[in-house]
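Please open the model in your viewer and keep the sequence panel beside it, as this tour moves from one selection to the next.

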Amino acid sequence: MRKLLWIALLLNAGLCLHAQDQTVKKLQSDSDRKIAKDATDTAQMTWKTGGVFNLNIAQGSLSNWSAGGDKFSLALNSLLSAYAFYQKGKNHWDNTLDLNLGYMNTTSLGTRKNDDRIDLVSKYAYDLGKKWDAGVLFNFRSQILKGYDYTDSSKTLTSQFLSPAYVLLSPGATYKPTKSFSIFVSPVTARWTVVMNDSLSARGAYGVDTGKHVKTEFGAFATVNFFKEFSKSISFKSRADFYSNYLSNPQNIDVYWTNLLSMKLGKLFAINYAFDLIYDDDARLFGPNGESARPQIRSMLGIGLSYRFSNR
């Protein structure tokens with residue numbers, strides 16, 4: 001009888017321990033689910049930031065080279081392309097900043113700047129549907145350092161920070177049929193051309209009135225944007241801006257077109273090809289007498305360091 005009593009007590013204790021163990025496991029499971037849900041709820045981010053930094057170096061040297069050329073050449077080009085995107089409900093605020101700076105040195109020409117750009121785009125918009133939004137776009141473009149037009153014996157200042165600078169404010173609508181492609185159109189756009197350098201202003205450079213520092217324009221604006229990652233290592237980015245000034249020669253459309261093809265080689269290296277085309281009807285610095293507008297073209301191929309960063 002005593003043995004049976006002990007067996008019963010042991011069975012009862014085992015059942016109680018099993019029940020307690022199952023209860024503890026259920027509480028832990030419920031707690032884990034709650035923690036995971038809370039983490040998901042609190043981790044929803046309204047800002048997404050990131051970008052890429054590229055540093056390309058090219059060097060060449062010649063010795064007793066019958067075809068001719070510079071004995072030594074060195075080119076150093078850098079690019080910082082950063083973004084900050086805000087999204088909450090149907091409201092979104094997209095910001096991009098591109099900074100380019102490059103120099104080259106050759107035996108015959110010395111040191112000269114071969115790339116220089118500041119380009120800030122900021123657009124706040126409200127989604128009207130899956131493919132449309134309406135908002136306001138702001139764009140600022142200028143350069144960082146002084147630029148010169150070189151002759152065999154002299155150089156003439158052609159640009160510096162805020163000379164010129166282009167400030168654009170444009171309310172409009174965006175059509176975005178895919179994630180890679182979008183078109184922004186505005187029939188009512190204000191643009192200001194700024195030339196703060198006194199010598200350039202005195203020459204009436206970049207369309208400002210002689211001696212003035214700011215020129216105001218009113219016209220139509222459109223920008224076409226395309227970005228595609230074909231694979232983890234290959235991406236292509238293109239942007240084309242078009243502006244027509246209603247107040248003066250509206251048929252002469254200003255064009256600003258930039259392209260960048262990037263192919264990563266491992267984690268820290270990449271091959272980059274950039275092609276830019278600019279036509280500004282007011283940039284009359286070309287031709288035999290230096291009084292004509294011309295398409296400005298820049299093409300650059302380089303290999304170097306490439307570092308991507310992101311908050312996600």
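Begin by selecting strand 10 together with strand 11 (residues 234–245), which run antiparallel and are joined by 11 bridges. In this predicted model, the link between strand 10 and strand 11 is a hairpin of four residues. To see one place where the two strands meet, pick Asn 225, which stands opposite Arg 239 in strand 11.

Next, keep strand 10 (residues 214–229) in view and add strand 9 (residues 181–194), since these two also pair in the antiparallel sense, over 12 bridges. Here the residue to pick is Thr 193, which stands opposite Lys 215 in strand 10.

Now turn to the second largest pocket, which holds about 1500 Å³ of space. Of the 50 residues that line this pocket, Gln 143, Thr 158, Ser 159, Tyr 206 and Gln 296 lie nearest its centre, and selecting these five will bring you there. If you colour the lining by residue class, you should find 21 nonpolar, 13 polar and 16 charged residues. Strand 4 (residues 110–127) gives the largest share of the lining, with eight residues.

Finally, stay with strand 4 and select Arg 117, which has its place there. Is Arg 117 buried or exposed? Its relative accessibility is 15%, and because buried means under 20%, Arg 117 counts as buried. Show its side chain and that of Tyr 256, and you will find a polar contact between the two at 3.2 Å. Leaving aside neighbours within four places in sequence, the residues in contact with Arg 117 include Asp 98, Asp 276 and Arg 298, as well as Tyr 256.

Technical notes:
Residues numbered from 1 in each chain as written. Predicted model: local features only at pLDDT ≥ 70, side-chain atom pairs only at ≥ 80, totals over all residues. Heavy atoms only, no water. Pairing = 2+ DSSP bridges. 1 Å grid on protein atoms, 1.4 Å probe; cavity = no way out; pocket = protein on both sides within 12 Å on 5 of 7 lines; lining within 4 Å. Points joined across faces, edges and corners; volume = space filled by probe spheres on them. Nonpolar A, V, L, I, M, F, W, Y, C, P; charged D, E, K, R; others polar. Buried < 20%, exposed > 50% of the residue type's maximum accessible area, 1.4 Å probe, protein only. Polar contact = N/O pair within 3.5 Å; in protein donor to acceptor, adjacent residues only side chain to side chain. Contact = heavy atoms within 4.5 Å.
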